[in-house]
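This report covers the overall fold and the salt bridges of a single chain. The sequence and the model are shown first.

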Amino acid sequence: MTDIKPFRIAIPDTELSDLTSRLSRSRFPDELEEAAWDLGIPLEEVKRLVSYWARSFDWRLAEAKLNEFPQYTTPIAVDGFGTLNVHFIHQRSSRPDAIPLIFVHGWPGSFYEGTKIVRPLSEGDGSRNGPAFHVVVPSLLNFGFSDGVAKRGFSIAQQAEAMHKLMLKLGYDDGYATQGGDWGFAITRAMGHLYPSHARAQHINLLPARPPSFFRHPILAAESALRPWSDADRAGLARSQWFQKEGSGYNQIQATKPQTVGYALADSPAALLSWIYEKLHDWSDEYPWTEDEICTWLSIYWFSTAGPAASVRLYYENTHEPGADGHRGNLWDKMMSYQPHVKVGLARFPRELLVVPAVWSRQLGHVVYEKTHERGGHFAAWEAPQAIIGDLRAMFGKKGAAAGVFKTSKL
């Protein structure tokens, strides 16, 4: 496959100098007395992180650590959008029975979000019953070091098509598993709907299910109506209500006027920092973010091939898709519907953005594995990598309910 090219991140010195210059000239607003996180990211937090990013953060060290992962780029033809270059990590396992697995990130994540799970999954747990995986961690198009898309209409189906074709190009035409949350939930669900003969098993950690109806799911609806809610159920619904009321304003902006907010994200690294770090703080489960983690996370957006503004366009495209028949028509409803041909694993984290009773999420398909974790939030693969790793090993191990989905894979 001569058009799969090895890739190393190598940001030019001129771009590093430009970033430092912009950070040093940041203009900050005032804030109210006794201001707190409920108003947005506090001023002193932004000043502290801007100073660290400009004066103390070593991008070259972060770049070298990222380049320890085997990275590649390859052109992928997406129907109606031409050929686009996709960047990805591809960590093959030495195990001949390893399972192909693609991790799909969301916003404001990137391929960086999946790097904690790559090596443990590819190496396995050392036991005869534990599975190993060929792990693929791509940058979605418009994110990271994948190409940007110049035409309107590039939405969930197109991202799913690109990810599916990437897995086929890597030789996994006998089938593969998927893992994702946020947009990764939507895109991997779309892969299961559009390509069920290949995307044969999925593990998801965002579960935005509605209450089951007696018409579609009478048993689940009866269980939902008759079974008392637990303390965890009530806490989860409170978390969901908080997000809808106090935490989802970014969604409305990005889904309606992505170009407008894009000017701030593209021009000001301080604006990018405040826009994204607010989510890292509010959406995680008291995760102890370090300055280096934050600055690496933000730098990948700042130095991305398409620029940070491109990443927010998916919100607009997803909410403005035409209702015509075909892959794009009513795709969200199909993704939220029962998928009988795909085995599903569910991971529940208490500080996720949408936390619903377990019975609701069982509408999503043939659920063969589910686990409620005690800690963790929206960025599960980063905050709680051992939970994601443990779920996948349990789901696909020799004693797991998805053990028979993949008999072998190509090396």
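## A salt bridge within helix α5

Glu-161 counts as buried, because its relative accessibility is 11% and the cut-off for buried is under 20%. The model is a predicted one. Lys-165 has a relative accessible area of 31% and is partly exposed.

The side chains of Glu-161 and Lys-165 form a salt bridge, with N to O at 2.7 Å. Both residues belong to helix α5 (residues 156–169), where they are four residues apart, so about one helical turn separates Glu-161 from Lys-165.

## A salt bridge within helix α2

Arg-48 and Glu-45 also pair through their side chains, in a salt bridge of 3.1 Å from N to O. Helix α2 (residues 43–55) holds both Arg-48 and Glu-45, and the two are three residues apart, about one turn of the helix. With a relative accessible area of 33%, Arg-48 is partly exposed.

## A link between helices α1 and α10

Which residue forms a salt bridge with Arg-22? The partner is Asp-267, and the closest N and O atoms of the pair are 3.1 Å apart. This salt bridge links distant parts of the chain: Arg-22 lies in helix α1 (residues 13–24) and Asp-267 in helix α10 (residues 258–267), 245 residues apart.

Both ends of the bridge are partly exposed: Arg-22 has a relative accessibility of 25%, and Asp-267 has a relative accessible area of 49%.

## Salt bridges and charge in the chain

The structure holds 15 salt bridges. A network of salt bridges links Asp-13, Arg-60 and Glu-63.

The chain carries 43 positive and 45 negative charges, and the mean positions of the two sets are 7 Å apart.

## Overall fold

The chain contains 17 helices and nine strands. Its radius of gyration is 21 Å, close to the 22 Å given by the globule rule for 411 residues, so the chain is as compact as a globular protein of that length. The C-alpha trace spans about 60 × 55 × 45 Å along its principal axes.

Of the contacts in the chain with a separation of 6 or more, 79% are between residues 24 or more positions apart.

## Burial and surface

What percentage of the 411 residues of the chain count as buried? The value is 57%. The accessible surface of the chain is about 18100 Å², and carbon and sulfur atoms account for 52% of that area.

Conventions. Residues numbered from 1 in each chain as written. Predicted model: local features only at pLDDT ≥ 70, side-chain atom pairs only at ≥ 80, totals over all residues. Heavy atoms only, no water. Rg over C-alpha atoms; globule rule 2.2 N^0.38 Å. Buried < 20%, exposed > 50% of the residue type's maximum accessible area, 1.4 Å probe, protein only. Contact = heavy atoms within 4.5 Å. Areas by Shrake-Rupley, 256 points an atom, 1.4 Å probe, with all protein chains shown as cover. Lys, Arg positive; Asp, Glu negative; His and termini not counted. Charge placed at Lys NZ, Arg CZ, Asp CG, Glu CD. Salt bridge = Lys/Arg side-chain N within 4 Å of Asp/Glu carboxyl O.
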